[in-house]
Each structure stands twice: as C-alpha cells, then as structure tokens.
Amino acid sequence: MSWFADLLGPWRGFTVTFRQMFKPKLTVQYPKVKRVKPQRFHGRHVLNRYPDGMEKCIGCELCAGVCPARCIYVRGADNPPDDPVSPGERFGFVYEINMLRCIFCAMCVEACPTEAITMTHLFEMSVTDREEGIFTKDGLLVEPDGTPNHPLPDTPLIDINELKLGDGWMRATSPSGRAAFEGIEAWSPSARMGGQAPAEPAQESSQLPAASLQPETARDTSPEPEDASPEAEDASPEAEGESS
Amino acid sequence: MEDFIVAGVKVLIAFAFLFGVVLLLVWVERRIVAFMQNRIGPNRAGPMGILQTLADGVKLMFKESITPDRAEVVLYLAAPVMALLPALLIFLVIPVGAPITIGDNTYTLQVTDLNVGVLYILALSSMAVYAITFAGWSSGSKYPLLGSVRASAQMISYEAAMGLAIVPVIMFNGTTSLAGIVEAQGGTYFGFIPAWNIVLLPSFVVFLIAAFAETNRAPFDLVEAEQEIVGGFHTEYSGLRFALFFLAEYINMFTMSALTVTLFLGGWQGPVFGPTVLVWLLPVFWFLLKTAVVLFFFIWVRGTLPRMRYDQLMAFGWKRLIPVSLAWIILAMVAVGVRRFGLPWA
C-alpha cells in the first residue's frame, strides 16, 4: 500500500493549511493590544535624579564616547558653587540624543559611572521631522519628583508610565557586578524609581550615605513621597522603616 | 428593440457583478491565506475589512501612472486594457442561473448563448496571453520581458491541455453551447448521483490544473514570481494601469472558476423548490455556491503549494497533462460511441 501513501503524500499538505485556518491567530493588534514587554526591554533613555532632586549626570561624556552610533552629544560645565546641579564637580550642561541614530544597545547605560542614564520601556517615538528626533535634556531629564518627561505630543500610543519602568541592565547586575543582585534592582537611589536600593549596602555604587539604601525585592513604579522630598537623608530612614 | 434593452441591462449587470465579485474576492483571498498562516489579514476598512480592496483601488487611482522612457508607448498603454477585456468578455457566455419565464418572455441568465460558446472561451483566453506578452515586451525592461517570455510559453502549453480537457465534455454532452452543456448535466445517475460532468474525472483534473496555469496562479505563478523577476510583466506598471492588471487577474480567476463549475460541476443545476421567486434564485445560488467552493480551492492551493520550477512546469504540461488528455479523449470517444451505437459486436 505504499504507493497509495505516496499518492496521498502531496495532499497531506492541504490538510495542514486547512487545519491552520481554525487555530488561534498569532497577530497582536498592536495599538489596541500591547504585548507585555520583556523585563530587560531597551526603550527610550531617561536622565535620572537622586531622590533629593540632584541630577546624576556629571557631564563626563563617557556615554558619548562609548556610543557605537555616535548619537549622544554631551557638554559638561562646572557646577555653580552656590547652587549645584549635580553632586559632583561638573554636570551635564548640554545632553542630546539623536533617537534616529540610536540603536538602543544600552552601552551608554553600562558606561555611565553615576547611573545617570538608564533605559525604559517606552519605544513609541515616531516623529514627522528629523529635528524632533533629537531629544534634548529637557525631554530626557526626569522632574525633581521623579516624573518622566516625553518631548513628543501625547497620543493614545504613548503610555508615559512606561518611562518609569527600568531596563534590563538595572535588573541584571549591581554596578559592582555582584551576582547576588541578580534579578533585583541594585542601583543607587533615584527619584524616578522611588529611591530603591540593593538588598545589602553597596558602598561603591552610591554617593549617598549607606543609611539611605534600603532593600527592595519587587520593583515599585510609583515614587514614594518621602523620597521626593529634597532632604534625602531625612527621608530615607523613614522609607527604610516602611519597607522592612 | 426590446432585445437590445435586455442585452444592455444584462451586460451592465454582468459587469457590475464582476467588479463586485473582484472586490470581495481579493479581500476573501487575503483573509483566507492569512488565516492559513495564523494571521488575521486585512480587518480595518469596513466591517471585518471587507472594503479593503476598495480602499486599495482608491489608493491606486491617486497614484502616478509612470511610463518608462524605454517603453513602447502604444502597446504599453494598450496592454492593461487588453488584459481586462478578455477577462470580462469570457463571463458573458456563462449561464449563472436557469432561464426565467415572465409572462410570455423567457430570459436567460447569461448575456448571450453562443452556439460555439466553448470555442469562444478558448479563443478569448488565448487573447489574454497577448496582453501579458505585450505588457512585458513594451515595458523595455528585463524582468518584465522574462515574465512575458515565461507567460507565452506557459499559457500556450497549458492552453493545449485545457482545450483537450474540454473535448470529452463536448463529446459527452454533444454541444458546444454552455447553456446546452449545463442543461445536459441535469438529472441523476441511479436516482441520487447528480449527472454532472465531474464523472469525466481525468478531464476535470486536467482542466483544473490548466486553469491554474491559465490564470497565472500559484503554483504556476512563474509569470509574476515576485521573488525571481519582481512581479514579472507588471513590474513597470503603477497606479491605475497596475490596478487593471490586478483586476484582470482576479476576474480571470472568477471566470475560470465559473467555467469549471459550468463545464464539470453542473452549472446552476441543483435542487429547486418553493415559490416562484425561490425557483428563480436557487439556481443562481447553487451556481455561486459551487463557484465559491472552486474559488476557495484556488486560494487553498495558493496557501499550500510552493511555486514550481520552470522546467518542471513545461515538462508537466507537455509530458503529463497532454498525453493523459489524449488518452482520455480516446477512451471517452469509445465510451460515447458505445453509448450511441452499441457494442460493435452486438
């Protein structure tokens, strides 16, 4: 009967296509339905602030140097002594990212010594003009209370809350590279993330006192009001008490 | 005078019907193929995307119709019309329903019942190859030329197979009028098997395969082979002229399906009952239902089979289809002869 099977062989392909017609569809109707993004998704960058509202960027231009697409332009300036913008000596005076060139590799995030630049989950950044594709510091930097900015007009596509979600680099390792921090956010406190910190103090990673570092295993996207206050050293012990 | 009015109304209805069918058919094909590939397909324009073809057509109308510098302008401009005309004209002889009697007048549901209907169809479907050949040649570009060379070879070879596949039908039914062929398929064998010409199974299979080749559909779409010759004969066409080719392709697909139904699947024959209106409409319904099934098969094949290689295509046409058709013609000839004159030794 093998000749019979041979005869039917070519026709079995027809049963395959016929069966597929009744299977669930794989298409995700994007603007209506949004897929859950992977935790380590590389979306738009944000420039972070410390919980006390200070900018993290120190204008070192390491991100610009490491960028393979050469899409970052940074110019540093000395901090005014009476009204410092960042805790360091200098701050990022001009910070521009050409999002049309960016390849979202997150090497700038790896290079940044102060964790000033991180990536988020927002990727809806279509523009109608090349000029609009260049995001300046106004659009990149978060507000002192941690609210992210988006330089493009608000549309139903843009979920501004995605800018509050951290990228994979922040979850993968601590800045010191300790594997113990796998899966948790082990970064220096920032206004945007609600001032979360590693499970154990990571001295070398923070310019803030160790007392302000608190354990947090689950990511909290809503900034805690304590951390938004300018006095970080006052606020942090309270926050520690809440979470423990 | 009345004949003229009736004919004019029929022609208008037939053309409107064809364009409506094409609008639906393109959308249906895209949806079905999408479903076979676990996709959704066009579902935006109108309910379930049913107006997608209309939207595409409007878009094409507003696009620039480019004429290449090296084109042979007269043929280049004539080719899309030449492609559309035979596709439209073939449909005119296909009966879509049983004749309707109102008062003393009987109206046939086909524009005209030619007594050489089958020959008319064969003649017109060979006209289609001219359009494609001219389109490819006059574009003054290499890919269209390759496409049109493929088209002329392919369509001429499969034209022969198709003609040979129809011969047993003509012998069996004893007429070349399509209305006559459908009439002859009425009744049943043994009281329950409908007496359709599908009993001439080899003819049916050969005809169906040749129909795929004639309409340049997968797996015989070497003429347009997007991956090899970037669309073939219509590479250089854009805008409304491209839309005409597109229209012609889908009208061809529909008329070929309608022809398959007429020749082999009993046309509008089917159970008819109920009040007068139902008696008028049911044959049309059966005809459309059978055509839809054949069209689904066209789409199903497209969703399933990969494109054939060119030498396979030619070898299959000349070394398989035509010998099979010839042998089957001889068999059918004997059978018809025996049926009419009895066994030679009896």
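## Two asparagines with positive phi

B:N38 sits in the loop between α1 and α2 (52-61) of chain B. In this predicted model, its phi is near 60 degrees, a positive value in a residue other than glycine. Most residues other than glycine have a negative phi. As for its surroundings, B:N38 has 13 other C-beta atoms within 10 Å and is partly exposed.

Further along the chain there's B:N216, in the loop between α7 (201-214) and α8 (226-229) of chain B. Its phi is positive too, at about 55 degrees, although B:N216 is not a glycine. Is B:N216 buried or exposed? It counts as buried, because it has 25 C-beta neighbours inside 10 Å and the cut-off for burial is 20 or more.

## How α1 and α9 of chain B pack

Now for the helices of chain B. The axes of α1(B) and α9(B) are 9 Å apart, and the two helices pack at an angle of about 95 degrees. That falls in the 65 to 115 window, so α1(B) is roughly perpendicular to α9(B).

Which residues make the contact? On the α1(B) side they are B:L18, B:V21, B:V22, B:L25 and B:V26, and they meet B:L247, B:Y250, B:I251, B:M253 and B:F254 of α9(B). By class, this contact is made of 10 nonpolar residues, with no polar and no charged ones.

## The nonpolar cores

The largest nonpolar core has 87 residues. Within it, B:A83, B:F207, B:A210 and B:F254 touch the most other members. Helix α9 (residues 239-264) of chain B is the top contributor to this core, giving 16 residues. B:F254 also turns up in the contact of α9(B) with α1(B).

What does B:F207 touch, once its neighbours within four places in sequence are left aside? Its contacts are B:M162, B:A165, B:I166, B:T260, B:L263 and B:F264. There's also a second, separate core of 27 residues, which includes A:C63, A:I72, A:I97 and A:V142. As background, nonpolar side chains tend to be buried together in soluble globular proteins.

## Where the chains meet

Between the chains, eight residues of chain B are in contact with nine residues of chain A. On the chain B side, the elements giving two or more residues are α1 (2-36) and α10 (276-304). Of the elements on that side, α10(B) gives the most, with three residues. By class, the chain B side has four nonpolar residues, three polar and one charged.

Part of the meeting between chains is a helix crossing. Helix α1 (residues 2-20) of chain A and α10(B) have axes that come within 9 Å and cross at roughly 100 degrees, so these helices are roughly perpendicular to each other. The residues involved are A:G13, A:F14 and A:T17 in α1(A), which meet B:W300, B:G303 and B:T304 in α10(B). Sorted by class, that crossing has two nonpolar and four polar residues, with no charged ones. The contact of α1(B) with α9(B), by comparison, has 10 nonpolar residues and no polar ones.

## Confidence in chain A

How sure is the predictor about chain A? The mean pLDDT of chain A is 72, and 67% of its residues reach 70 or more. One stretch to know about is residues 194-244 of chain A, where pLDDT stays under 50. For that stretch, the model has 90 contacts beyond four places in sequence.

Note on methods: Residues are numbered from 1 along each chain as its sequence is written. Chains are lettered from A and ligands numbered from 1 in the order in which they are written. This is a predicted model: local features need pLDDT of at least 70, side-chain atom pairs count only at pLDDT 80 or more; totals for chains, interfaces and linings use all residues. Two residues are in contact if their C-beta atoms, placed from the backbone, lie within 7 Å. Helices (H or I, at least four residues) and strands (E, at least two) are DSSP runs, numbered from the N terminus. Ala, Val, Leu, Ile, Met, Phe, Trp, Tyr, Cys and Pro count as nonpolar, Asp, Glu, Lys and Arg as charged, and the others, Gly among them, as polar. pLDDT is the predictor's confidence in each residue, from 0 to 100. A nonpolar core is a set of buried Ala, Val, Leu, Ile, Met, Phe, Trp, Tyr and Cys residues joined through C-beta atoms within 7 Å. A residue is buried if 20 or more other C-beta atoms lie within 10 Å of its own, exposed if 12 or fewer, and partly exposed in between; C-beta atoms are placed from the backbone. Axes are lines fitted to C-alpha atoms, for helices over the stretch in contact, and angles run from 0 to 180 degrees between N-to-C directions. Angles under 35 degrees count as roughly parallel, over 145 as roughly antiparallel, 65 to 115 as roughly perpendicular and the rest as oblique.
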